[in-house]
There are 2 protein chains.
Amino acid sequence: MSLKYAVLAALHEQPATGYDLTRNFRTRMANVWNASHQQIYRELAKMTEEGLLEVEEVPQESRPDRKLYRLSDAGTASLATWLAEPQGRPPTRDPLLVKLFGGDLVDPASLREEIERHRRNWQEELGRYQDIEAEYFSKPEQVPFRFRLQHLALRKGILAMEANLAWADEVAGVLKDELTSRP
Amino acid sequence: MSLKYAVLAALHEQPATGYDLTRNFRTRMANVWNASHQQIYRELAKMTEEGLLEVEEVPQESRPDRKLYRLSDAGTASLATWLAEPQGRPPTRDPLLVKLFGGDLVDPASLREEIERHRRNWQEELGRYQDIEAEYFSKPEQVPFRFRLQHLALRKGILAMEANLAWADEVAGVLKDELTSRP
DNA sequence: TCGCGCATGTAAGTTGTTACATGATTTA
DNA sequence: TAAATCATGTAACAACTTACATGCGCGA
């Protein structure tokens, strides 16, 4: 229902190519919206056809020409309308938690390894967010409102990763009990 | 990629009807896996055809007969195989955070209302999880391992909601600044 | 009597994933 | 010289959402 609006919001910030958007969704907006390049290119074509975007072809040598997309007036209007609507919450679908319902089929030792792997990923992701925070949002009082909003989006990612890491500790505690009492 | 395994895990715990699964996914497993009843009925039919599930029809008066599903041997084997595989992380797609990238098109006052609405939802959800925790998992040391694993899944939901609420406070702070300095 | 809970589904449409496809340039 | 980055896509498939559909019993 809204890769469309994620794209509109990203392009409202500044015009970009499909490649740029793909990179942004993977890095700076990783805790906001995920989308593969295939999805993005398809969506950009569709939205352009619908008149929400304008394209400027920027010729290049020895590479495919860049297609720089920006919002049309209709695109801006569509984004503004959407922004005024109340939004629902994203659905939760976590394969790792499904595992915990596997009961007697779950092997505690391999579960422990998996949790540690996830812990490392969460730690890395937290690090990346903290780097962005330090680089772009270190003076929160002096920054324009739109940057403060972006900072808040990032903060949600940071708090979520911290919660994940705290949870990993709880899991480690339970698994340690289990693995020492019944080795 | 794995409503299938969420269903297998739920049915491994105990046999259930589509209706039961729908209810579980909405309540006890709300922080684990979301699925609508339409999706679940369709998936149950497909999985039965694939030989992963067995159905027992339980006749009822004045209601449609219940179809009680349980794992076949193939279903148990399929779940066990899946449990041994490392799992990826769920993608993040949060419309509320997309809003924060709307920049000058975002109205701070209506954003504040929306955050407060989300806060109330998160608070309610946290309350439900805490009720479940108090009712089923209040004596963590004496409980069998599979219940401790389920408790951990619930704990992740609790920590996530607490992080959401802490974030709502941060947002409220920023919006208060903005709304008082430029009213 | 109105809405909720029980209990099942079908159909159409949208969104997301996975696999395939190309090719030059820069960096290690 | 191998891998990553830049830069674009198509096609097939799987998963998810939304709308439609039925009907009884129970409690407020």
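How far is an N or O atom in the side chain of Arg93(B) from a phosphate oxygen of DNA strand C? The gap is 3.2 Å. This is a predicted model, where local features need pLDDT of at least 70, side-chain atom pairs count only at pLDDT 80 or more, and totals for chains, interfaces and linings use all residues. Residues are numbered from 1 along each chain as its sequence is written, chains are lettered from A and ligands numbered from 1 in the order in which they are written, and side-chain values use heavy atoms, with hydrogens and water left out.

**Around DNA strand C**
- DNA strand C has 22 residues around it, and Gln39(A), Tyr19(B), Tyr41(B), Gln60(B) and Lys67(B) are the closest.
- Of the strand C atoms that come within 4 Å of the protein, 61% belong to sugar and phosphate.
- Tyr41(B) puts a polar side-chain atom 2.8 Å from a phosphate oxygen of strand C, while for a side-chain N or O atom of Gln60(B) the distance to a phosphate oxygen is 2.9 Å.
- Helix 3 of chain A chips in four residues, the largest share of this surface.

**Around DNA strand D**
- Here, too, there are 22 residues, with Tyr19(A), Tyr41(A), Gln60(A), Lys67(A) and Gln39(B) coming nearest.
- Sugar and phosphate make up 63% of the strand D atoms within 4 Å of the protein.
- Tyr19(A) has a side-chain N or O atom 2.6 Å from a phosphate oxygen of strand D.
- The bases get attention as well: Arg63(A) has a side-chain N or O atom 3.0 Å from a base oxygen, and a polar side-chain atom of Gln38(B) sits 3.0 Å from a base nitrogen.
- Helix 3 of chain B gives the most to this surface, with four residues.

Technical notes: A residue is near a molecule or strand if one of its heavy atoms lies within 4 Å of it. A polar contact is a pair of N or O atoms within 3.5 Å; within protein, one must be able to donate a hydrogen and the other to accept it, and residues adjacent in sequence count only if both atoms are side-chain atoms. Helices (H or I, at least four residues) and strands (E, at least two) are DSSP runs, numbered from the N terminus.
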